[in-house]
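Student: Could we go through this structure together, beginning with the sheet and then moving on to whatever else stands out?

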Amino acid sequence: MEAVRVTERAAIAAARLRGRGDEKAADDAAVAAMRTELDRLPIRGTVVIGAGERDETPTLYLGETLGGGEGPEVDIAVRPLEGATVCAKNLPNALSVIAVADKGSLLFAPNIYMQKIAIGPGYPAGLVDIDAPAEDNIRSLARAKGVPVGEITACILDRPRHSRLIEAVRATGAAIRLIGDGDVAGIIHTTEPEETGVDIYLGSGGAPEGVLAAAALRCIGGQMQGRLIFDTQEKRALGARTGIADFDRVYGVEDMAKGDVLFAATGVTDGNLLSGVRFGRTAIATDTIVLRSSSRTVREIRARHKDLERV
């Protein structure tokens with residue numbers, strides 16, 4: 001429940017600014033709210049996925065220590081507002097997200113792009129391959145699912161860099177759900193295709209979001225592969241500073257999130273996964289999902305906050 005309060009508070013802060021066209025203000029509000037709540041936790045936490053490096057942000061920076069100073073040592077990965085642009089436009093699937101794991105369990109990923117592919121649970125290991133053509137992965141998934149290719153839907157970030165990927169997927173006859181932002185939600189959607197309509201995630205997005213998505217899959221199952229994109233010398237130098245030696249390595253779920261992992265996400269705007277924050281006259285309603293790898297539990301928490309001063 002402590003993790004739930006962290007994402008609830010950040011989501012409420014961001015939701016007060018949704019649809020206002022100012023993504024920085026919404027993100028700053030979520031960061032400040034999350035930082036306040038994290039310091040209430042009885043942990044000794046180190047930020048491994050955060051708002052940026054120390055010289056880029058005053059708080060939630062990489063390497064920052066959080067918590068009350070007592071309790072277990074843990075890694076913390078956060079996105080106080082995953083989908084700042086969609087929040088500013090009041091579009092679907094903005095979330096507040098946190099993952100907590102034993103110290104040394106989460107990949108310390110630099111803030112660069114990561115090539116990603118993900119599918120949900122219940123399929124043979126190695127069914128999809130990040131190095132295979134998109135059309136081969138689509139057809140392999142359709143065969144495993146026992147459906148025509150036309151019944152497969154791929155989730156892809158709507159970016160110019162994905163134009164060839166989009167053409168290749170459409171050439172197979174598969175459908176595409178283009179999203180403007182929020183690929184943590186996009187990857188999690190593959191775990192419940194009957195509910196979300198998404199079977200596979202393809203393309204590149206932020207590496208920090210990749211680690212957070214892997215943390216979620218570590219708890220609920222599914223396959224994911226990711227490769228960090230070091231396309232400049234500056235990015236290679238950044239990777240080296242974070243301890244990465246193999247710039248071509250393909251990371252699986254357990255390479256990015258191992259050990260006992262806790263994942264929580266609260267909806268900021270309405271989406272396929274969660275409802276957004278609701279502001280009522282006497283209470284604020286939030287919708288949160290909490291996942292735990294050790295027990296494989298999935299908890300859905302719909303809360304009403306009546307202490308409006310507190311949130």
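Tutor: What follows is a conversation about the sheet, the pocket and a few single residues of this model, which is a predicted one.

Student: Good, so what is the order of the strands in the open sheet?

Tutor: The open sheet is built from six strands in the order β7-β6-β8-β5-β9-β10, and the pairing is mixed. Its edge strands are β7 and β10 (251-252), each of which pairs on one side only.

Student: Which strands pair with β8, and in which sense, parallel or antiparallel?

Tutor: Strand β5 (residues 113-119) pairs with β8 in the antiparallel sense over seven bridges, whereas strand β6 (residues 153-157) pairs with β8 in the parallel sense over two bridges.

Student: Can you give me some residues to look at, say the bridge partners of Met-114 and Gln-115 in β8?

Tutor: The partner of Met-114 in β8 is Gly-205, and that of Gln-115 is Ser-204. For β6, you could look at Ala-154, which stands opposite Ile-200 in β8, and at Cys-155, whose bridge partner in β8 is Tyr-201.

Student: And is β8 mostly covered or mostly open?

Tutor: Strand β8, which spans residues 200-206, is mostly covered, with seven of its seven residues buried. Strand β6 is also mostly covered, since five of its five residues are buried.

Student: For β6, which residues are on each side?

Tutor: On one side are Thr-153, Cys-155 and Leu-157, and on the other are Ala-154 and Ile-156; all of these are buried, and both faces of β6 are therefore covered. As a general point, side chains in a regular strand alternate between the two faces of the sheet.

Student: How does β6 pair with β7?

Tutor: Strand β6 and strand β7 (residues 175-179) pair in the parallel sense over five bridges, and within that pairing Ile-156 stands opposite Leu-178 in β7. The chain gets from β6 to β7 through helix α5 (residues 163-172), and the resulting β-α-β crossover is right-handed.

Student: Where does α5 lie on the sheet, and what about α4?

Tutor: Helix α5 lies across β6, β7 and β8, and runs at about 150° to β7. Helix α4 (residues 134-145) lies across β5, β6 and β8, and runs at about 140° to β8.

Student: Changing topic, how much space lies in the largest pocket?

Tutor: The largest pocket holds about 610 Å³ of space. It is lined by 26 residues, and those closest to its centre are Asp-27, Arg-79, Leu-81, Ala-84 and Glu-209.

Student: Which elements give two or more residues to that lining?

Tutor: They are α2 (23-38), β3 (73-82) and β8, with α2 providing the largest share, five residues.

Student: Now some single residues: where is Thr-288, and what does it touch?

Tutor: Thr-288 is in strand β13 (residues 284-292). If residues up to four places away in sequence are not counted, Thr-288 touches Val-4, Thr-7, Glu-8, Ala-265, Thr-266, Leu-274, Arg-299, Glu-300 and Ile-301.

Student: Is Thr-288 buried or exposed?

Tutor: Thr-288 is buried, because its relative accessible area is 0%.

Student: What about Leu-238, and why does it count as buried?

Tutor: Leu-238 is found in helix α9 (residues 233-241), and it counts as buried because its relative accessibility is 13%, where the cut-off is under 20%. Between Leu-238 and Arg-44 there are 26 Å in space, C-alpha to C-alpha, and the two are 194 residues apart in sequence.

Student: One last topic, the backbone: what are the phi values of Leu-60 and Asn-93?

Tutor: Phi of Leu-60 is near 55° and phi of Asn-93 is near 80°; each is a positive value in a residue other than glycine. Most residues other than glycine have a negative phi.

Student: Where do Leu-60 and Asn-93 lie, and are they buried or exposed?

Tutor: Leu-60 lies in the loop between β1 (44-49) and β2 (65-66), and counts as buried because its relative accessibility is 0%. Asn-93 is in the loop between α3 (84-88) and β4 (95-102), and with a relative accessibility of 11% Asn-93 also counts as buried.

Terms used
Residues are numbered from 1 along each chain as its sequence is written. This is a predicted model: local features need pLDDT of at least 70, side-chain atom pairs count only at pLDDT 80 or more; totals for chains, interfaces and linings use all residues. Side-chain values use heavy atoms; hydrogens and water are left out. Buried means under 20% relative accessible area, exposed over 50%, partly exposed in between (1.4 Å probe, protein chains only). Helices (H or I, at least four residues) and strands (E, at least two) are DSSP runs, numbered from the N terminus. Two strands pair if DSSP finds at least two bridges between them. A crossover is right-handed if, with the strands pointing away from the viewer, the path from the first strand over the helix to the second runs clockwise. Contact means heavy atoms within 4.5 Å. Axes are lines fitted to C-alpha atoms, for helices over the stretch in contact, and angles run from 0 to 180 degrees between N-to-C directions. On a 1 Å grid over the protein atoms alone, a cavity is a set of points where a 1.4 Å probe fits but cannot get out, and a pocket is an open set with protein on both sides within 12 Å along at least five of seven lines; lining residues have an atom within 4 Å of a point. Grid points are joined across faces, edges and corners, and a volume is the space filled by probe spheres set on the points.
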